[in-house]
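Please read the following note beside the sequence and the three-dimensional view. The points are numbered so that each can be checked in turn.

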Amino acid sequence: MDKFTNSAWFMRIVAFALAALLFISINFEMESDKKSLGLSTAPEISTETIENVPVEVYYDRENLVVSGVPETVDVTLKGAKSLLINAKNQRDFKVYVDLSDPEISMGDRTVTFKISQLNEKLVATIDPEYAEVNVQERVTKEFSVEAEYNHSLLEEGYTAGQPTVSPQTVKITGAKDAIEQISYVKANLEISKGLDETVNGKATVKALDRDLNKLDVTIEPASVAVSLNVSIPSKTVSIEPKQTGKAKDGIRIKSISVDPKEVTLFGSETSLENISEINLPVNISKIDGDTELELDLTKPESVQKMSLGKAKVKIRTEKVDVDEENEESVEEEKEQVKEQDEQEQVVEKDEPAAIESKTFNNMNIEPVGIQADQDVELETDVTSITLLGEADDLKKITKDDINLTVDVSNLDEGTHDVELLVKAPAGVNWELDSKTIKVSITQKDEET
C-alpha cells in the first residue's frame, strides 16, 4: 500500500481530482451569484396595462379653478415581468398634471400627463397623453336659495304655502365664468307620494344657468332644510238627528240627542261653502224604550274627510195609550202638513234664482309691471275660468268682459309663484283652474 501511495501516478491522479473539484465549486458559486443579481440570463420583457389610474392636479387651489382634467387615465408599462407584477400590485407610482407655476395665465391650455415614483427600469405610456384644461380665477359669491316641489302631488282639496328654506342663502365657489352664468339656485324637495300633510326635509342645492343646466360649482352648505306647510280648509257643522220610520204602537219618542253635537269637515272651500249641517238618520221603528245607539255618519261626496265617522245617539221614550197616541198622531200630521205648506210658501217667496256656471277656455294671461331691464316668461299664457251666477247674468257675459293679469312689478330675478288677478263683471263669482302661475324673471343681456 505504501508503495502505491508513494508512486508518481497516484500523486498525479489525486492532484487532477482536486483541481477538477475546485473548478466545479468555483463555477457553481459564480452561477449562484449571477442568479442572485439577475445576471444569469436575459430578463423576460413584457407589457402590462393598468386602467383607471387616478390623476393628481397640482395648482393654487385657493385662487384658481382648473377644469377639463380627467379623473383617471390608463398606464401601459413595459419592462421585466417581475417588475411589472410588482408595479401593478403596489400601484405606488403617481400620474399628475403640474399647473403650480405662480405665473400661469388664465384660459385654455394643453397639458401633458407626467408620472413619478415609477421604477426607472420600466417604461410608461399614458393614455391619453395630454388634456385640454381651462384655468380660471376662483370666485366665491353668496346666493339666495329658492325651494320648489312638484305641485301635481298636492292631494285634491289641499293647499300648500310657499316653501321656506334654512339657511336662506348659500356660498357658491367656482370658476369666474361659471359663477357669472348662475341664474337660479334651487333646492328641490323630493316627494314620492301625494301631499296631504306638512313636510319637513332636506333638499340638495343646485346652481343652474338660464337654460336650467346644472353648473359645476361647489356649494356650501350642499343641502338646506325645507319646510312646506300643507293644509286643507275645514268647517265645523252641527250633527242633526233625523227620525226615520214609525214608532211602535204604545211608544212615544220624547227626545233624540247626539254626542258629539258637531263634526269638522275637510275639503276645498267651494265644497264646504254650501254645507251647514250633517244629517244623521235615526230609525225609530224598532225602538222599544230608552236606547243608546252608535251610528255611522255619512260623508258628503264633495268632502275629503271628516273629523269623526260615528256619533252616539240617545233616544228617550215614554209609553202611551194606543187611542191617545192615534189622536196625537193625527194632530201631529195636521201640524206637519201645516208647517210644510208654510215652508213651501216661504221658499216660493224667498228662494233665489238657480245658480248656473259658464266656463271660458284659453283665456289670455297678461303680465303687467314689467321692468325695462327684465325679461318675463310665464309657465303658460292661457287658462280657464268658470263664472258662477244667475243664468240671465251669465248669458250677457263674453270673453271680452274678463281680464286676467299677473303683477310682476316687484319680482326679483328667479322663478316665482304669483297670484292671478281677475277682473270680471259684478254680480258673478268665479273659479280658476289654478289661482297662481309660475313666472320666470331674467335680466336682459347688456348690449355691447
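1. Glu-148 is partly exposed, because its relative accessible area of 28% falls between the limits of 20% for buried and 50% for exposed. In this predicted model, the side chain of Glu-148 meets that of Lys-186 in a salt bridge, with 3.6 Å from N to O. The two residues belong to distant parts of the chain: Glu-148 is in strand S9 (residues 146-148), Lys-186 is in strand S13, and 38 residues separate them.

2. Is Lys-186 buried or exposed? Lys-186 has a relative accessible area of 7%, and it counts as buried because this value is under 20%. The salt bridge of point 1 therefore pairs a buried lysine with a partly exposed glutamate.

3. A further salt bridge is found between Lys-438 and Asp-417, whose closest N and O atoms are 3.3 Å apart. Here too distant parts of the chain are linked, with Lys-438 in strand S32 (residues 436-443) and Asp-417 in strand S29 (residues 414-419), 21 residues apart. Which residues are joined into one network by salt bridges that share partners? They are Glu-146, Glu-148 and Lys-186. As for the pair in S32 and S29, Lys-438 is partly exposed at 23% relative accessible area, and Asp-417 is partly exposed at 28%.

4. Lys-248 and Asp-288 also form a salt bridge, and their closest N and O atoms lie 2.6 Å apart. Both residues are in loops: Lys-248 between strand S18 (234-244) and strand S19 (251-259), and Asp-288 between strand S21 (277-283) and strand S22 (291-296). The pair is 40 residues apart and links distant parts of the chain. Lys-248 is partly exposed, with a relative accessible area of 34%, and Asp-288 is likewise partly exposed, at 49%. The value for Asp-288 is 49%, and the residue is not classed as exposed because that class requires over 50%.

5. How many salt bridges are there by the rule applied here? The count comes to seven. Among them are the pairs Glu-148 with Lys-186, Lys-248 with Asp-288, and Lys-438 with Asp-417.

6. Charged residues also form a surface patch. Glu-155, Glu-156, Asp-196 and Glu-197 make up a negative patch on the surface. One of these residues, Asp-196, is located in the loop between strand S13 (184-188) and strand S14 (199-208). Asp-196 is partly exposed, with 36% relative accessible area; it can belong to a patch because patch residues need over 30% and no salt bridge.

7. A nonpolar patch is formed on the surface by Val-14, Leu-18 and Leu-21, which together have about 280 Å² of accessible area. Leu-18 is part of helix H2 (residues 8-36). With a relative accessible area of 54%, Leu-18 is exposed.

8. The backbone deserves separate attention. Most peptide bonds are trans, and most residues other than glycine have a negative phi. Where, then, is a cis peptide bond found? One runs from Ser-166 to Pro-167, with omega near -5 degrees. Pro-167 is placed in the loop between strand S11 (164-166) and strand S12 (169-175). Another cis peptide bond joins Asp-259 to Pro-260, where omega is about 0 degrees. Pro-260 is in the loop between S19 and strand S20 (262-266).

9. Positive phi values in residues other than glycine should be checked as well. Arg-91 has a phi near 50 degrees and sits in the loop between helix H3 (81-90) and strand S4 (94-98). Arg-91 is partly exposed, at 40% relative accessible area. Gln-117 has a phi near 60 degrees and is found in the loop between strand S6 (114-116) and strand S7 (123-127). Gln-117 is exposed, since its relative accessibility of 52% is over 50%.

10. The final point concerns a polar side chain. Asn-134 lies in strand S8 (residues 130-144) and counts as buried, at 16% relative accessibility. Which side chain does Asn-134 meet in a polar contact? The partner is the side chain of Gln-136, and the contact is 3.3 Å.

How values were computed
Residues are numbered from 1 along each chain as its sequence is written. This is a predicted model: local features need pLDDT of at least 70, side-chain atom pairs count only at pLDDT 80 or more; totals for chains, interfaces and linings use all residues. Side-chain values use heavy atoms; hydrogens and water are left out. Patches are made of residues with over 30% relative accessible area and no salt bridge: like charges are joined within 9 Å, nonpolar side chains (Val, Leu, Ile, Met, Phe, Trp, Tyr) within 5 Å. Accessible areas come from the Shrake-Rupley method with a 1.4 Å probe; for residues, only the protein chains shown count as cover. A salt bridge is a side-chain nitrogen of Lys or Arg within 4 Å of a carboxyl oxygen of Asp or Glu. Lys and Arg count as positive and Asp and Glu as negative; His and the chain ends are not counted. The place of a charge is taken as NZ of Lys, CZ of Arg, CG of Asp or CD of Glu. Helices (H or I, at least four residues) and strands (E, at least two) are DSSP runs, numbered from the N terminus. Buried means under 20% relative accessible area, exposed over 50%, partly exposed in between (1.4 Å probe, protein chains only). A polar contact is a pair of N or O atoms within 3.5 Å; within protein, one must be able to donate a hydrogen and the other to accept it, and residues adjacent in sequence count only if both atoms are side-chain atoms.
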